[in-house]
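Trainee: Hi, I have a new structure open and no idea where to begin. Can we go through it together?
Mentor: Sure, pull it up and ask away.

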Amino acid sequence: MTHDRTNPDDAETLGSAVVDACRGAGFAAAGVASVEPTRWARELRAWLDAGKHGTMAWLERNSEVRGDPGQLLDGARSAVMVADLYHARADGDDPPLAPGEGRVARYARGRDYHDTIKKRLHALCDDLRAQHPGAEFKAFTDTAPVLERELAARAGIGWTGKHTLTIHPRIGSYLLLGGFVTTLELEAPSEQEMVTDHCGTCTRCIDACPTDAITPYSVDARKCISYLTIEHRAPIDEGYHAAMGGWVFGCDICQEVCPHNSAREPEQLSEGGRTRHPAYEPTRDPVDRFDLLEVLGWDAEDRSRELSKSAMKRATLAMWKRNAIIAAGNALAGHELAALRARISAIAADDSEDEIVRDAARAVLAGLGASGG
Ligand code: SF4
Ligand code: SF4
């Protein structure tokens with residue numbers, strides 16, 4: 001196909017301009033994707049049929065649209081995918097937790113990504129609408145039935161690793177994805193290429209996952225600490241308590257061990273502005289942890305204040321306390337933390353606490369009794 005680069009409506013010229021605009025809006029990576037149906041419909045069906053989505057029932061709904069992004073918008077002809085980098089290796093490793101502290105995943109330490117990504121996507125769509133009257137757009141970031149990682153791969157942002165997350169070949173996997181479908185005809189810029197799978201024979205994420213949740217290119221959400229702490233609203237199976245360690249919201253282990261997140265030269269990190277977006281600057285100090293005793297003293301107002309503007313609001317107050325009790329139980333197995341133990345005992349006997357909180361407290365106390373901790 002020939003391209004008329006002097007014509008601003010030429011599909012490749014327009015695709016390049018849109019990708020440039022996405023980069024101008026601060027996204028670390030962007031690309032154009034087709035809206036053809038997924039290649040992974042059979043695998044998605046098998047994953048759902050095996051119940052590996054746990055209680056995330058919304059993943060079963062709209063499965064036709066999920067497998068066919070063109071259905072998101074009448075007349076959709078193209079998609080644009082973007083990625084924010086929320087943590088660069090240059091940001092440093094987390095210092096070890098002190099006994100009685102609980103860890104939160106890196107993606108949740110700054111402003112809520114839904115807000116920051118959607119705001120910029122909507123501004124981009126508004127600009128394009130003004131330039132192309134009649135064109136339609138539908139933006140998403142974890143908010144629509146879309147296989148975002150497959151679209152990100154099509155858009156040349158990265159490949160889907162064995163831990164099922166998108167990995168950019170230079171900036172790694174600490175990425176948050178979003179995008180939009182549009183009735184505009186866009187073609188990928190000539191320099192955009194599909195990224196080949198660089199996992200090779202590596203199995204670090206599989207070996208490091210404390211709950212054995214990963215098989216190559218598939219995660220059983222029911223075993224994953226991220227799912228258990230953020231999405232699962234019922235009691236957490238005691239068989240996973242010890243493996244959860246100090247995590248109270250999410251888990252970064254499979255990304256921490258991935259060689260594609262290893263240290264890079266500073267000039268590589270800053271190449272093309274690919275540093276952490278300012279929206280993900282830490283909002284608290286310390287940013288990576290909570291004091292478990294404090295969490296166990298929260299009421300609804302405390303939780304709202306502590307988690308204001310954060311994606312950590314996804315977990316309810318009861319889930320936060322459940323998670324904190326499990327992390328506290330793991331700390332108490334090796335340390336004498338009298339105030340924490342007393343607080344868990346008080347919760348176990350407090351009828352006003354949510355049942356999943358009391359359930360976790362009873363299970364942890366029983367476990368400590370059995371182990372003599
Ligand atoms: S987030 Fe943690 S628990 Fe989940 S797959 Fe990765 S390492 Fe395993
Ligand atoms: S740790 Fe290894 S196998 Fe896992 S996603 Fe990274 S490169 Fe792939």
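What follows is a chat about helices, strands, ligand shells and a few single residues.

Mentor: One thing up front: this is a predicted model.

Trainee: Okay. Let's start with helix 4. How does its length compare with what we'd expect at 1.5 Å a residue?
Mentor: It agrees. Helix 4 runs over residues 113-131, which is 19 residues, and should span 27 Å. Its end C-alpha atoms are 27 Å apart.

Trainee: And which residues of helix 4 are buried?
Mentor: Tyr-113, Thr-116, Ile-117, Arg-120, Leu-121, Leu-124, Cys-125 and Leu-128. Seen down the axis of helix 4, the buried residues fall within an arc of 160°, so they line one face.

Trainee: Why do residues a few places apart point the same way?
Mentor: An α-helix has 3.6 residues a turn, so residues three or four places apart point the same way.

Trainee: What sits on the face of helix 4 turned away from the buried side?
Mentor: Lys-119 and Ala-130, which are exposed.

Trainee: Then what covers the buried residues of helix 4?
Mentor: The cover includes helix 1 (11-24), strand 2 (78-85), strand 4 (137-140) and strand 7 (175-182).

Trainee: Helix 1, then. How many residues does it have?
Mentor: Helix 1 has 14 residues. From its first C-alpha to its last it reaches 20 Å, close to the 20 Å expected. The buried residues of helix 1 are Ala-11, Glu-12, Thr-13, Leu-14, Gly-15, Val-18, Val-19 and Cys-22.

Trainee: What covers those?
Mentor: Strand 1 (29-33), strand 2, helix 4 and strand 7 are included in the cover of helix 1. After helix 1 comes Gly-26, with a positive phi near 95°.

Trainee: Let's switch to strands. How many residues of strand 1 are buried?
Mentor: Five of the five, so strand 1 is largely enclosed by the rest of the structure. Both faces are covered. Ala-29, Gly-31 and Ala-33 are on one side, with Ala-30 and Val-32 on the other.

Trainee: Which way do strand 1 and strand 2 run, parallel or antiparallel?
Mentor: Antiparallel, joined by five bridges. Ala-33 has Ala-79 of strand 2 as its bridge partner. Ala-29 stands opposite Ala-83 in strand 2.

Trainee: How many residues of strand 2 are buried?
Mentor: Eight of the eight, so strand 2 is also largely enclosed by the rest of the structure. Ser-78, Val-80, Val-82 and Asp-84 point one way. Ala-79, Met-81, Ala-83 and Leu-85 point the other way.

Trainee: How many bridges pair strand 2 with strand 7?
Mentor: Eight, again in the antiparallel sense. Val-82 in strand 2 stands opposite Gly-178 in strand 7.

Trainee: New topic: ligands. Which residues are around ligand 1?
Mentor: Cys-209, Pro-210, Thr-211, Ile-214, Cys-224, Ile-225, Ser-226, Cys-251, Ile-253 and Cys-254. Helix 7 (225-230) and helix 8 (253-256) are the elements that give two or more residues to this shell. By class, the shell around ligand 1 has eight nonpolar, two polar and no charged residues.

Trainee: And what is around ligand 2?
Mentor: Lys-162, His-163, Ile-167, Cys-199, Cys-202, Arg-204, Cys-205, Cys-258, Pro-259 and His-260. That shell has six nonpolar, two polar and two charged residues.

Trainee: What's odd about the phi of Asp-212?
Mentor: The phi of Asp-212 is positive, about 55°, although Asp-212 is not a glycine. Most residues other than glycine have a negative phi. Asp-212 is in the loop between helix 6 (204-208) and strand 8 (214-215). At 56% relative accessibility, Asp-212 counts as exposed.

Trainee: What about Tyr-217?
Mentor: Tyr-217 also has a positive phi, near 65°. Tyr-217 lies in the loop between strand 8 and strand 9. Its relative accessibility is 39%, so Tyr-217 counts as partly exposed.

Trainee: Last one: is Ser-218 buried or exposed?
Mentor: Buried, with a relative accessible area of 16%. The cut-off for buried is under 20%. Ser-218 lies in strand 9. Leaving out residues up to four places away in sequence, Ser-218 touches Trp-47, Lys-52, Lys-162, Thr-164 and Ala-213.

Conventions
Residues are numbered from 1 along each chain as its sequence is written. Chains are lettered from A and ligands numbered from 1 in the order in which they are written. This is a predicted model: local features need pLDDT of at least 70, side-chain atom pairs count only at pLDDT 80 or more; totals for chains, interfaces and linings use all residues. Side-chain values use heavy atoms; hydrogens and water are left out. A residue is near a molecule or strand if one of its heavy atoms lies within 4 Å of it. Helices (H or I, at least four residues) and strands (E, at least two) are DSSP runs, numbered from the N terminus. Ala, Val, Leu, Ile, Met, Phe, Trp, Tyr, Cys and Pro count as nonpolar, Asp, Glu, Lys and Arg as charged, and the others, Gly among them, as polar. The expected span of a helix is 1.5 Å times one less than its number of residues. Buried means under 20% relative accessible area, exposed over 50%, partly exposed in between (1.4 Å probe, protein chains only). The arc is that of the directions from the helix axis to the C-beta atoms. Contact means heavy atoms within 4.5 Å. Two strands pair if DSSP finds at least two bridges between them.
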